[in-house]
Amino acid sequence: LGMAFHPDYPASPYAYVGYVDRDGSTRVVRYSLLDADRLDPDSAQLVLGPVVQADPIHNGGSLAFAHDGTLFVGMGDGGHAYDTGPG
């Protein structure tokens, strides 16, 4: 759902990828870059997760680094389809 490069890229050749796994949980994984166009699939390191979502929709995926290097992860509101459920 989202991707961000390390704030010191290209000196630190990492990309952070946020996604929803097959169980519906959110994960953020760090990958090394093989070059400017390819991530190394064997370098995956879990940074966050699995974060269980309340519902399989309304999940966000925005990733962004602040000026101080803090990684922010937008995960959505976990709402229900058409907002018909409680909450």
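This is a short tour of one strand pairing and the aromatic contacts around it, in a predicted model.

Start with strand β1, residues 2-5. One face is covered, and it carries G2 and A4. The other face, with M3 and F5, is uncovered. In general, side chains in a regular strand alternate between the two faces of the sheet.

Next, the partner. β1 pairs with strand β2, residues 14-20. The sense is antiparallel, and there are four bridges. Which residue in β2 is the bridge partner of A4? That is Y16. Keep Y16 in mind.

Now the rings. How many aromatic pairs does a search of the whole structure find? Two.

Pair one is F5 with Y9. The centres are 4.9 Å apart, with 35° between the planes. That makes the pair tilted. F5 is partly exposed, at 37% relative accessibility. Y9 is partly exposed too, at 33%.

Pair two is Y16 with F65. Here the centres are 5.3 Å apart. The planes stand at 70°, so this pair is edge-to-face; the cut-off for that class is over 60 degrees. Where do the two rings sit? Y16 is in β2, and F65 is in strand β6, residues 63-65. The pair therefore ties together parts that are 49 residues apart in sequence.

Is Y16 buried or exposed? Buried: its relative accessible area is 9%, and the limit is under 20%. F65 counts as partly exposed, at 23%.

One last contact, on Y14. R30 lies over the face of that ring, 3.9 Å from the ring centre.

To recap Y16: it is the bridge partner of A4, and its ring pairs edge-to-face with F65.

How values were computed. Residues numbered from 1 in each chain as written. Predicted model: local features only at pLDDT ≥ 70, side-chain atom pairs only at ≥ 80, totals over all residues. Heavy atoms only, no water. Buried < 20%, exposed > 50% of the residue type's maximum accessible area, 1.4 Å probe, protein only. Helix = DSSP H or I, 4+ residues; strand = E, 2+ residues; numbered from the N terminus. Pairing = 2+ DSSP bridges. Phe/Tyr/Trp six-rings, centres within 6.5 Å; stacked < 30°, edge-to-face > 60°. Lys NZ or Arg CZ within 6 Å of the ring centre and 35° of its normal.
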